[in-house]
Amino acid sequence: MLFHLGTLWRLNELGYLPKLDRVSSVSGGSITAAVLAMNWSLLALNPASGVGANFGSAVVEPIRALARKTIDVPAVLLGMLSLGRLGSQTAVYYRLHLFGRKTLQDLPDRPSFVLNATSVQSGALWRFTKPYMADWRVGLVNDPQVQLAVAVAASSAFPPFLSPVILRQQESDFAPNSGNDLQRPQFTTRILLTDGGVYDNLGLETAWKNYQTILVSDACAQNKPVEKPPLNWFMQVYRTLMVIDEQVGSLRKRQVIGSFVAGDRAGTYWGIGGHVQDYQLPDALPCPTDLTSRLAGFETRLRSVDEVTQQRLINWGYAICDTAMRRHVVTGQPAPTGFPYPESGLG
């Protein structure tokens, strides 16, 4: 959430936000994307420069305020008391602290924002957008009235602790014959959703098929090696799933970068586990690998983060985004004068 906030900060300074046609997100990135979407009209974008004068108040402040709160522990405890509806409790906290009663219909028409979740039932991607929400196997609901807090909770429902989010619909909500093979109750009336990163940990699918220029911001760090893996069955399964997830993510990353290298796509990739030196940009912000690696290893939880760590994660996202963008997309742009929070640096 905070790393992606830093990347949006730099994209705004570069005047790139109004150039975006689609923002596709999963997991914690959906929190950041949804705040940007909800407050898009408040950005006060300059018609000439494309820079949003109110980016700080519209995007930075709400996200940083959420980062000061611990959500996962109370959500899990309340979810256990409500017979396993863990994800629904997360939506309660998102509604209370961030999104209020806003729905998907409060999102802008452009850019098109896609909040991706994974259907536990069909095994396919479930897309939340303003015009529709859909699973290609189950079907499509036009003009969904789903609350933004619920859509974000589904997209960021990290299993097993914050998952699933249960979405209840009527069979009549679905456009007739819009699903491939599963358009029937229970698939249409009691929809179980988990983190969008389970299906597509880069949120690529909804953009890759439709756009020629792709910008990828990746906040997934590499799993740490374990010298003595646990031998009990539960922890073995957990570790194995983490290895599988990392391998799938690595394949998608190679697909993206390979497409850039081959000239099939324009754009760039940057990641929280990346190294500024690899981009060979002479005037990149100074980002020592030992410091950025420590930030990349910061635990992914919805818990209170101290002010300095918040600032450092934002600084890192800002710096690596700046490097990738000026190296591959907006070549010739001047370097930034420094980090958003120079007093905190990277460590």
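## Exercises on rings, helices and backbone

Arg265 lies over the face of Trp208, 4.3 Å from the ring centre, where a charge counts as over a ring if NZ of Lys or CZ of Arg is within 6 Å of the ring centre and within 35 degrees of the ring normal. The model is predicted, so local features need pLDDT of at least 70 and side-chain atom pairs count only at pLDDT 80 or more, while totals for chains, interfaces and linings use all residues. Residues are numbered from 1 along each chain as its sequence is written, and side-chain values use heavy atoms, with hydrogens and water left out.

**Exercise 1.** Work out how the rings of Trp9 and Tyr341 are arranged as an aromatic pair.

*Solution.* Begin with the rule: rings of Phe, Tyr and Trp (its six-membered ring) pair if their centres lie within 6.5 Å, and planes under 30 degrees apart count as stacked, over 60 as edge-to-face and the rest as tilted. A search of the whole structure finds five aromatic pairs. In the pair of Trp9 and Tyr341, the centres are 5.5 Å apart and the planes are at 80 degrees, which makes the pair edge-to-face. Next, place both residues: Trp9 is in helix H1 (residues 2-13) and Tyr341 is in the segment after helix H10 (307-328), 332 residues apart; helices (H or I, at least four residues) and strands (E, at least two) are DSSP runs, numbered from the N terminus. Finally, ring pairs link Trp9, Phe55 and Tyr341 into a cluster.

**Exercise 2.** Decide whether Trp9, Tyr341 and Asn177 are buried or exposed.

*Solution.* Buried means under 20% relative accessible area, exposed over 50%, and partly exposed in between (1.4 Å probe, protein chains only). Trp9, at 18%, is therefore buried, and Tyr341, at 11%, is buried, whereas Asn177, at 77%, is exposed.

**Exercise 3.** Describe the backbone at Asn177 and at the bond between Arg110 and Pro111.

*Solution.* Start from the general rule that most residues other than glycine have a negative phi, and most peptide bonds are trans. Asn177, in the loop between S6 and S7, has a phi near 55 degrees, a positive value in a residue other than glycine. Arg110 and Pro111 are joined by a cis peptide bond with omega of about 0 degrees, and Pro111 lies in the loop between helix H5 (86-99) and strand S2 (112-119).
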